[in-house]
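Let's walk through this one together, starting with a strand and its neighbours and ending with how the chains meet. Have the viewer open as you read.

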Protein chains: 6
Amino acid sequence: MKANPISPTIPLDAEGVHHGHLRLPYSRDDSAWGSVMIPICIVRNGSGPTALLTGGNHGDEYEGPLALFDLARSLDARALSGTVIVVPAMNYPAFRVGTRTSPIDKNNMNRSFPGKSDGTVTQKIADYFHRELLPRADIVLDFHSGGKTLDFLPFCAGHLLPDKAQEAKVFAAVRAFGAPWSMQMTEIDAVGMYDTAAEEMGKVFVTTELGGGGTSRAETVRIARRGVDNLLKHAGILRGAPEILPTRWLEMPDGCFCFAEEDGMIETTVDLGEKVEAGSVVARIWPIGRTGSEPHEIKANISGILVARHFPGLVQSGDCASVVATMAD
Amino acid sequence: MKANPISPTIPLDAEGVHHGHLRLPYSRDDSAWGSVMIPICIVRNGSGPTALLTGGNHGDEYEGPLALFDLARSLDARALSGTVIVVPAMNYPAFRVGTRTSPIDKNNMNRSFPGKSDGTVTQKIADYFHRELLPRADIVLDFHSGGKTLDFLPFCAGHLLPDKAQEAKVFAAVRAFGAPWSMQMTEIDAVGMYDTAAEEMGKVFVTTELGGGGTSRAETVRIARRGVDNLLKHAGILRGAPEILPTRWLEMPDGCFCFAEEDGMIETTVDLGEKVEAGSVVARIWPIGRTGSEPHEIKANISGILVARHFPGLVQSGDCASVVATMAD
Amino acid sequence: MKANPISPTIPLDAEGVHHGHLRLPYSRDDSAWGSVMIPICIVRNGSGPTALLTGGNHGDEYEGPLALFDLARSLDARALSGTVIVVPAMNYPAFRVGTRTSPIDKNNMNRSFPGKSDGTVTQKIADYFHRELLPRADIVLDFHSGGKTLDFLPFCAGHLLPDKAQEAKVFAAVRAFGAPWSMQMTEIDAVGMYDTAAEEMGKVFVTTELGGGGTSRAETVRIARRGVDNLLKHAGILRGAPEILPTRWLEMPDGCFCFAEEDGMIETTVDLGEKVEAGSVVARIWPIGRTGSEPHEIKANISGILVARHFPGLVQSGDCASVVATMAD
Amino acid sequence: MKANPISPTIPLDAEGVHHGHLRLPYSRDDSAWGSVMIPICIVRNGSGPTALLTGGNHGDEYEGPLALFDLARSLDARALSGTVIVVPAMNYPAFRVGTRTSPIDKNNMNRSFPGKSDGTVTQKIADYFHRELLPRADIVLDFHSGGKTLDFLPFCAGHLLPDKAQEAKVFAAVRAFGAPWSMQMTEIDAVGMYDTAAEEMGKVFVTTELGGGGTSRAETVRIARRGVDNLLKHAGILRGAPEILPTRWLEMPDGCFCFAEEDGMIETTVDLGEKVEAGSVVARIWPIGRTGSEPHEIKANISGILVARHFPGLVQSGDCASVVATMAD
Amino acid sequence: MKANPISPTIPLDAEGVHHGHLRLPYSRDDSAWGSVMIPICIVRNGSGPTALLTGGNHGDEYEGPLALFDLARSLDARALSGTVIVVPAMNYPAFRVGTRTSPIDKNNMNRSFPGKSDGTVTQKIADYFHRELLPRADIVLDFHSGGKTLDFLPFCAGHLLPDKAQEAKVFAAVRAFGAPWSMQMTEIDAVGMYDTAAEEMGKVFVTTELGGGGTSRAETVRIARRGVDNLLKHAGILRGAPEILPTRWLEMPDGCFCFAEEDGMIETTVDLGEKVEAGSVVARIWPIGRTGSEPHEIKANISGILVARHFPGLVQSGDCASVVATMAD
Amino acid sequence: MKANPISPTIPLDAEGVHHGHLRLPYSRDDSAWGSVMIPICIVRNGSGPTALLTGGNHGDEYEGPLALFDLARSLDARALSGTVIVVPAMNYPAFRVGTRTSPIDKNNMNRSFPGKSDGTVTQKIADYFHRELLPRADIVLDFHSGGKTLDFLPFCAGHLLPDKAQEAKVFAAVRAFGAPWSMQMTEIDAVGMYDTAAEEMGKVFVTTELGGGGTSRAETVRIARRGVDNLLKHAGILRGAPEILPTRWLEMPDGCFCFAEEDGMIETTVDLGEKVEAGSVVARIWPIGRTGSEPHEIKANISGILVARHFPGLVQSGDCASVVATMAD
């Protein structure tokens, strides 16, 4: 197995506050001896547990990076017992240009695990997390939002897992995060995910969807900031007790997804958080080439509430138009 | 003065419902004898007044096109006294690909008036509106939203005009539209605008900003549909009375705009519709290349409420970060 | 072996006429939860043999898609005994934009077999054909033409195969197709081809080259329509007898290909179907940067007739300029 | 009026054979002090009339450049009485990359006359022809074909002109050219054309459409070569008599053009040169997103024969699908 | 005449040191209310003369921006009598991406004068310099180098002018600058240049060529820093006397330019500053498609020394390959 | 193991001078049956040793291709005892467009060894060298320079090798080459290099860095020409003795590399070949968005002389800014 080419510019296991980069050599037409420089901050105080906090797994999602750049700037080692590893923009090449996938290799970081040390840039980053950072962690928080093309009701989420003891720890952590909504997720296709890689190592892995559209709002950033603070307290790394907040639990059963089968202009006829009846229209797709045509209707398969939707005004056949979730509590 | 090369595929002045296109010959590498085809619908019943209804002046704004494609599909000539000209996507080349400006000439339609019959594609379209469509209209409604890079509190707006009788008619129409917010606008630079071209012909010109982000919501589309219906009733073209709804009046005084002077990740610390004090922070810009740096703060020049904001998570020096308006009622 | 991620929106084995899509999830910057949607039509009546009919293996070839969209629209299940699977545009992403290879991964579908369930988009489609559709088929017809950069004399073709019984069935099917010309092909490099994948499963595999240039003609579309009708009758799936038409048999011996060794403007000095003597000039390449230079001459290696040629007016060193075939009957 | 920045590297008015370039300074990112170099050949023997022969007015049309590079290479000054100016690729930047319009400014050379000496690259070239080359000419032959997106029945053409003496000379020259078909053209929009610029100077201006699709055929190149030879003999510049060949005269009356109003895959149901009845289907446009839909039909407005058609397999709303001409003799 | 849309964020005429921007509103697809922000620094102490110092007129030339960002950072108002206006990157959009011309409109800033207030972004910037900054200046220094595609022997230059008193002041200033070489330039085409605009207002205009290749060297940056310091002292704005350095005077007579007439790989056979004999080879152009071909030779028209050369390894027909200057002292 | 698809158009092992191509089939959108054509020249006279001489491993480095096209043109078989294989542009697709990596697959040829016969275009070329050309060679010379983004002091180099006998032969060959500087290199990451592939076969492998910036100078080309001549004489292939020239030996110890950690405009404060003290500033990075900021300083880790530097005026975080080497003799 080839060594991973990334070298950190700071020590990974030293006491105190360290700001630096993961430097990945990347030779290219516009820099023969260039590198990808992924910002990293490690704060350590003694031998307590380790939290690995990540944002920018997809480069167009902002609540995580905002909360984590802020956290990295303000964390005081003396307030901790243990270690906090902060990587606010995992897929830094994507984050730098504001795209979901890497502009270098078009790879989706969250389908690139466990990575390859001699693969593409994204695969090399995944491999480094898999070999070096994940093994150090006890608890992992990976921030997501909908990005430029989806919008979500803000929730924190964990996966249903075969190991029920591990699952219980995950949902306790989700509860501690304290988002307005909490989701019990089953992934249809979990292959290649960062989540899966962490879970298979037995880590407590918590994720979020906190909004979307390629932007953030003051409100969703507040949820993110409070959530990471709560989680570090819940894990016993940051002193103090988490702020207990009400949350509603959701599930995504079969039939929750509605797909477009036409190209056109989309009209979402229900807003996020509104109730939906099975068989009712959740979106219309309007042909744009001429006036006078009827729109195509997209109907919900199940009853529940709208938790996610296609964001841009134009839609293509095959795009997910809407997601309807059901209450789990 | 050269003739405008656009030919409509339907009669402009005939009774009944007509769906067709404005055909603009456009020779290019991928179609030597191609054309731009702008959808148009004209519904006429007798000699009443004429409304010109337009969307897609900027191609990434959706409330207008959604309301107008729907209106064009459903208008019954028998319900009218007068004429309704509907062009749901004025800058159709831009609308087709979901961009603010035309992908053909990068022109901003709303700075291309009065147009040029032998200019670029966008200038030719502007010239056609200026010569053929605007002169036919008594009242003009041009829908806007924030597009992909701005987000607005939903409002209907008219301009302060030198002719106070004309201005009074405009604000009466804005009032009839019935948006949650109404704006009295003074443009800093009104040269080249569709608005100005119409106003200089003495038309009653009404515009909107109904949201943004390159999407629409069920709620903002409802505002648009109700607004156009109200306006046609107010103008006496559609039978019935406008639905009277509460609105709050706003103004945009000097100092309302805040500009970024750094590149980075933007955090809007106030949400749309929230109160702002002069001197308070409305946004922060975070350097993204390393952790541990302080963000740059953007502060409001005046007190009021936040009516518009930069939308994408990344920002560039020179971008408008926030707009603060004051209550006018 | 990972499961293929494609899910069909119609049943693959039900009676009657079914129009739908092969939906392949494809996450990307402009649609986080998007999909590739490949149109498919399956018509089944009872337990007779199954024909798999495909076009758009290369996305810039049109006789196949035209004949197959028409067939799918008009097939009456009651006229069949057996099953017809129609995929008019195998490499739908390429077909949608009119390019030979996929705009997503630049893969040539016809060099991507047997495919990979966790590979690129094109490899996933190939894998689905290999695992799900090819095994269902008794006879396979894959339409090709020259595409944007080659032009062919219209022929139907089969490969010389090690299993002579299989080969005989193939050439009987080619004969039944009834194109003006018929070709006995030996591929120089058959690795990765759809043809090879099907033949190795023992299927009767028939292909065509029916013109080219990235267009179609009324005449070549008639050949395609009649050919598919004849083939379904020959296979006993469609009732009635194939229309017997004269054909001339061709071979492509060693030396049939002529390659350009210069960049420039190409002049094909012989038209398709015309006779060629070994050593005679079949094309000239003109330097374009100045007048007064002599053209480079390309000479035939063998005598025969011109069956294919480079199509665009410009040529690059390494392009195949001409193909000369010999009569086999 | 600013001087045109083009300088020829050969004398324009000297005796003998001269090969060189029109050098147009063009500063750009990849060459601060670069130039556009347009090949030109001038052959002069004494004081006879002057022919200006041009190809590559559109950069994706090849019969003209092939005939003219060949002519320039082989013209013997002693065979002439007068002057032949040969510019095989007028819009050389477009010709170099095989596109209709210039890759530099996207201008259509044939809508750029009379040009501008301080305009774009294409406008500067047009200005040079208008000021320097056209005034020297008695007769002008400008070769066209359909380019990558149209295909034509091969014809030579002249315009109906207000000056009937000039028109008679034009049609005599068209007759002498000796193409299989000859066209009497009235342009709908003649503004900006090279043709118009020449005709307004009183020149005998002859043009062609000799095929298309972005390629050439041996047959169409033979027509071009023979045509230019015949024309130079007809003009008394080249010794000998034109080869008299049969031709059929055509006209393009109102209603000759059929436009697409849908996007899709086009099927031309009639081939070039075939008869068409008014009201009969000349093309179908197939929706490509799903099977089972009916195609849109395009019907001829007039009876006649098909003289031109859209070439690529895909078509967009607004493209010219077909041109039907009527017999004029 | 429309007002120029640029607004400075600092006062243009106030005492002391002011750092800010020229803000030019620029609406575009990725920022509806965006701006171009051109850094500017103004240092004023009392009523002495005004120097306008500019770099980045072309965005890929670095000696000027390096010297001027450094000067702006370190200028102490108390050391001055008069005003220094520093714009280190005139064409900031080009400078930001390292290209000669603006990525927005592809305009060459140095052929855009006197500019247009309602033109393209580059024309608007030129107009602002023409209307607001140039009129304030007594002496103007505009730094140039060869950029990415040319390399120069380092020289300071002035133009031969019709007003000999003005010319004398210019050459005195060039002399004071103190570059190793000094050039008396006559422009072939001075239309649209910043230089010309300034000279026509009667300003003392000094320019440079200090290297090239899209880079800088420690040595050439030293020349730039010392030059600007000397010039400010010479103008009486900065206290102290210029450092007197030896220089050699050059001229660019007719025939100084050698142009490539072929595409290929260029070999410059003489280095900058070396002697050249008329008729000797200064460069060879090698065909790259095959081995065994002879290179094309480019020969000097005049004797002198090599002062400039094409920089990249590949060359196109029409590129300036070499410039030979003669000694003027 | 699949056969490599490359076929040479000349015999690899025949006596005399042969110019031709390595033809690699490459099907793509703009040429369905296209090929990559890599120029090759083989000169053989009898059974002496074989030298494999390569340039254009990176497509933006010119000293090697210039020396080798010239050598191929002029080599006389009678002057040899043995064989010279010349491939002046290994990565021909990259060389053709002047980029470091291949425009087809973005692969760095010098990290693609040992290659893959069914991989990307670059991997197929590497595989061909690995299987066919390297095994034939006794001595290998691979020319490099800095390319567009680096600049080097001109040196010839060999690697420190585990086999000291092989190493001694390498350094003897480096000595014979006769560059002004000679380098003893240890690669940090030698995986995938052409060098490593050759060395592992036991070949005497010599390489160079002869300048950079994407250009060449007369002086560096002279070094290359003399070096290859010397090397062939040293190897006993070309008759005569190498020209003995002084050289200085260098080493690259730990700490030799300095990396940028900021984006901005770079000022290299030391020129190539100048002395550097550990801790002294070798470069500054200037923020470009506003005046008045301090530059970031990059300091040398070790004392020595500057042997390489970042070339373009703009720099990105992660780019190698400077390389300091120490004297080894």
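Start in chain A, where strand β12 (residues 257–259) runs antiparallel to β19(A) and is joined to it by three bridges. A quick word on terms: helices (H or I, at least four residues) and strands (E, at least two) are DSSP runs, numbered from the N terminus, and two strands pair if DSSP finds at least two bridges between them. If you'd like a residue to click on, try A:F257, whose bridge partner in β19(A) is A:V323.

Before going further, keep in mind that this is a predicted model: local features need pLDDT of at least 70, side-chain atom pairs count only at pLDDT 80 or more, and totals for chains, interfaces and linings use all residues. Residues are numbered from 1 along each chain as its sequence is written, while chains are lettered from A and ligands numbered from 1 in the order in which they are written.

Back to β19(A). Strand β17 (residues 304–310) of chain A is also antiparallel to β19(A), with four bridges between them; here A:I305 sits opposite A:A325. Then there's strand β11 (residues 248–251) of chain A, again antiparallel to β19(A), this time through two bridges. In that pairing, A:L250 has A:M327 as its bridge partner.

So how covered is β19 of chain A? Mostly: across residues 320–327, six of its eight residues are buried. Buried here takes 20 or more other C-beta atoms within 10 Å of the residue's own (exposed is 12 or fewer, partly exposed in between), with C-beta atoms placed from the backbone.

Now zoom out to chains D and C. Their contact takes 42 residues from chain D and 42 residues from chain C, where two residues are in contact if their C-beta atoms, placed from the backbone, lie within 7 Å. On the chain D side, α1(D) gives the largest share, five residues. That side has 20 nonpolar, 13 polar and nine charged residues. For that count, Ala, Val, Leu, Ile, Met, Phe, Trp, Tyr, Cys and Pro are nonpolar, Asp, Glu, Lys and Arg are charged, and the others, Gly among them, are polar.

How do the two copies relate? Chain D superposes on chain C by a rotation of 180° with 0.0 Å of shift along its axis (RMSD 0.0 Å), a least-squares fit on the C-alpha atoms of residues with pLDDT of at least 70 in both. The two copies are therefore related as by a two-fold rotation axis. Both use the same surface, as 100% of the contact residues of chain D recur in chain C.
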